[in-house]
Amino acid sequence: MNQAPEQQPRIPGVAYKKVTRYWTETTDLDGKTSTREVPYEAWVPKPPRDWDALILRGVTTVAISFTVIAVVATAASVGGLLSKMVPGVVAYGMGAVFTLAWLYCLAIEWLNRISPERAVHAKVGGWIALLISMGAVYAYGHTLGQDYAGAFGACIDLLAKGSWWLLLRQHAVPLSARVAHWVVDQEQKVAGRSLLRSRIARLNANDAYERAVGGTEYQAADAILASVETAPAALAPQPPAAPPVDPAATAPVPPASVPSVSPAAEEQQPPVPPVAPIDRPQIAAICRQEIGTNPKASDADLVEAVKKAGHPDRPNLFDTVRRTARRIDPSRKAS
């Protein structure tokens with residue numbers, strides 16, 4: 001388009017505000033096109049003022065102001081009370097801790113707002129910190145002979161905490177028991193994954209350290225565990241032998257009829273994998289023998305030696321042989 005859009009007619013009674021917009025101007029010379037954005041001023045309807053947002057922003061500012069005043073007032077009062085015991089800078093820093101303590105507990109209570117049983121400690125701790133802070137301010141006024149001034153000064157922390165308590169309740173969204181349980185359940189799942197990840201990372205780090213400094217003892221223990229993992233059938237308990245049967249006591253049983261199977265059904269049946277002999281050598285022993293004979297033997301050579309020894313070919317055979325070879329000789333390189 002090569003001209004600015006027309007202004008929409010204004011509606012009586014509606015407030016408008018001026019904004020800057022852009023329209024696209026196209027220029028074509030010698031068959032080559034160039035476009036640019038040209039600014040223009042337009043009037044758009046102004047949305048009504050959001051009084052709720054303004055009030056919420058105002059009360060937040062008031063709560064922050066109350067907290068700042070409470071921190072300064074409590075720090076000055078407690079600092080004056082403790083300045084005879086410790087240096088002034090330390091005393092006033094200790095005074096600020098009294099107000100920050102209940103503010104800290106209030107923040108923990110807000111974070112656990114959907115779990116009342118977890119927030120109860122922060123709630124109780126916040127009120128205890130508030131009472132200690134108020135008591136310290138009143139004690140300073142009492143030392144000066146101004147009991148009324150100390151009592152009113154102690155209420156500053158109470159007003160600050162009350163303002164934050166009301167403000168956080170305003171922001172909190174009430175959740176039903178079902179929704180709160182769903183949120184906690186999701187948090188537990190995420191926390192469980194995070195904990196498992198950190199535990200696995202720690203175990204992997206410990207394993208790497210043991211491989212580096214464990215020496216021959218660690219290699220021997222690793223080889224024993226590898227042999228147990230690769231030969232579970234040899235360590236499985238054997239079933240008890242069947243008791244002998246008296247041939248004279250058994251009557252001849254006529255042979256059962258065998259149902260005939262069509263050639264098409266035989267082709268559809270999956271082939272039965274061959275049963276590996278149980279007297280074959282273990283993978284760890286084969287790898288140890290091959291590496292001792294030829295230290296430069298590759299992982300593929302070790303896999304062929306394992307297959308020749310009678311182990312069946314399976315999808316994870318290469319990874320098993322590679323890990324076993326690394327346990328036997330940690331200095332091996334990937335091949």
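# A tour from the cavity outwards

The structure holds one cavity of 30 Å³ or more, and because the coordinates belong to a predicted model, everything pointed out on this tour is a computed feature of that model.

**Stop one: the cavity.** Select R211, G215, Y218, Q219, D222, R326, R327 and P330, which together line the largest cavity, and look at the space they enclose, whose volume is about 50 Å³. If you colour the model by helix, you will find that α6 and α11 each supply at least two residues of this lining, with α6 giving the most, namely four. Colouring by residue class instead divides the lining into two nonpolar, two polar and four charged residues.

**Stop two: helix α11.** Stay with R326 and R327, which line the cavity, and extend the selection to residues 317-328, the whole of α11. This helix has 12 residues and reaches 17 Å from its first C-alpha to its last, which is close to the 16 Å expected at 1.5 Å a residue. Now show the side chains of L317, T320, V321, T324, A325, R326, R327 and I328, which are the buried residues of α11. As you read along them, keep in mind that an α-helix has 3.6 residues a turn, so residues three or four places apart point the same way. To see what covers these buried residues, add α5 (177-213), α6 (215-230), α9 (283-293) and α10 (299-308), which are included among the covering elements.

**Stop three: the largest pocket.** Next, select E109, R113, I114, R169 and A172, which lie nearest the centre of the largest pocket among the 18 residues that line it. The volume of this pocket is about 540 Å³. Bring in α2 (88-111), α3 (116-143) and α4 (147-171), each of which supplies at least two residues of the pocket lining, and note that α3 gives the most, with four residues. By class, the lining of the largest pocket is made up of 13 nonpolar residues, one polar residue and four charged residues.

**Stop four: D30.** Finally, move to the loop between β1 (16-29) and β2 (32-45), where D30 is found. Its backbone deserves a look, for D30 has a positive phi of about 55° although it is not a glycine. Is D30 buried or exposed? With a relative accessibility of 78%, D30 counts as exposed, because the cut-off for that class is over 50%.

Notes. Residues numbered from 1 in each chain as written. Predicted model: local features only at pLDDT ≥ 70, side-chain atom pairs only at ≥ 80, totals over all residues. Heavy atoms only, no water. Expected span 1.5 Å × (residues − 1). Buried < 20%, exposed > 50% of the residue type's maximum accessible area, 1.4 Å probe, protein only. Contact = heavy atoms within 4.5 Å. 1 Å grid on protein atoms, 1.4 Å probe; cavity = no way out; pocket = protein on both sides within 12 Å on 5 of 7 lines; lining within 4 Å. Points joined across faces, edges and corners; volume = space filled by probe spheres on them. Nonpolar A, V, L, I, M, F, W, Y, C, P; charged D, E, K, R; others polar.
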